[in-house]
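Q: Got a minute to go through this one with me? I'd like to talk about aromatic rings and a helix or two.
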Amino acid sequence: MSDDAVQLERRIRFALSILGESNSHHEFEALCLGLARRRITSNLFPATGPVSSGGDQGRDAESHWTNIPRELPGTSLFAARASIQRVVMACTIQITDVPGKIRRDLASICGQGTPVDRVIYFTVTAVPARKRHNLIDGAARTHQVELEIWDAAALALHLADYDLFYLAVQYLRLPSDLAPPRPESAGELPDWYVEARQRWLASDEPGRTLGDLVDLRGPLRHATFHDEARADLPEWLGYARALLDAAAGEHTALRARYEIVVATLRGLGVVFK
């Protein structure tokens, strides 16, 4: 691993460690959901209910039913990553007594609602291997559920990947210029996209007109729907939000809002509640 990669992981781990200072549970939840859908289980959606009153039953996200992996195996990335198990995602920004927090959340998740096969748990702190294995064994013995723990080290390792770094930019507020280099295996970016990216980067003024929005829409949508360009998505969303703030006319503003919603929902995997 290069020195740059090590330094980037350290920056990410530090950013994760201070989320609790700003009470950023929802940001951490959205980050974990984005990572989980691209690395673990694609058919996850956010749970609903007032968290403060336990309305989400300890479930920050859970899988929706799909038979695509059996009926259409290997037809898409979604199909390749989708699970036919009942999967629940939970996360915490708590930094003290994390094993106790995990046990309590498991009791809530498994003690009510629909039965669960697998729990993916994310935490901003490091969980030593011995404690992690004890928690996994205890979950299987007490709740008959498969537990997988992603701690700060695992999160930083994956968020430092080229295709997931946009999540660190979006939710940890890391500078986009820290992005790791594109791997040789990544798909090629079309010339028109590269030219548009350079043009918008060089501009000192936000877009304002419908023509500006039309020019922005192409690269924004390309970054939304193509993995090889998704690392740029926070930047394009920034241009779109600046255009919305400066929009010349309600029609332009309305269309800008639509593009922002599509990019946020489909590109970042955020579901508006």
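Q: Which helix do Trp-236 and Tyr-239 lie in, and how many residues apart are they?
A: Both are in helix α11, residues 233–246, and they sit three residues apart, about one turn of the helix. Keep in mind that this is a predicted model.

Q: Are those two buried or exposed?
A: Trp-236 is buried, and Tyr-239 is buried too.

Q: How many aromatic pairs are there, going by ring centres within 6.5 Å?
A: The count is five. One of them is Trp-236 with Tyr-239, an edge-to-face pair at 5.6 Å centre to centre with 70 degrees between the planes.

Q: Which residues form an aromatic cluster with Trp-236 and Tyr-239?
A: Trp-192, Tyr-193 and Trp-200 join them in one aromatic cluster.

Q: Switching to α9: how far does that helix reach?
A: Helix α9 covers residues 191–202, twelve residues, and spans 17 Å from first C-alpha to last. That is close to the 16 Å expected at 1.5 Å a residue.

Q: Which α9 residues are buried?
A: Tyr-193, Ala-196 and Trp-200.

Q: And where do they sit around the helix?
A: Looking down the axis of α9, the buried residues fall within an arc of 65 degrees, so they line one face of the helix.

Q: What's exposed on the other side of α9?
A: Asp-191, Gln-198, Leu-201 and Ala-202 are exposed there.

Q: Last one: what covers the buried residues of α9?
A: The cover includes α10, residues 210–225, and α11. Helix α11 is also where Trp-236 and Tyr-239 lie.

Methods:
Residues are numbered from 1 along each chain as its sequence is written. This is a predicted model: local features need pLDDT of at least 70, side-chain atom pairs count only at pLDDT 80 or more; totals for chains, interfaces and linings use all residues. Side-chain values use heavy atoms; hydrogens and water are left out. Rings of Phe, Tyr and Trp (its six-membered ring) pair if their centres lie within 6.5 Å; planes under 30 degrees apart count as stacked, over 60 as edge-to-face and the rest as tilted. Helices (H or I, at least four residues) and strands (E, at least two) are DSSP runs, numbered from the N terminus. Buried means under 20% relative accessible area, exposed over 50%, partly exposed in between (1.4 Å probe, protein chains only). The expected span of a helix is 1.5 Å times one less than its number of residues. The arc is that of the directions from the helix axis to the C-beta atoms. Contact means heavy atoms within 4.5 Å.
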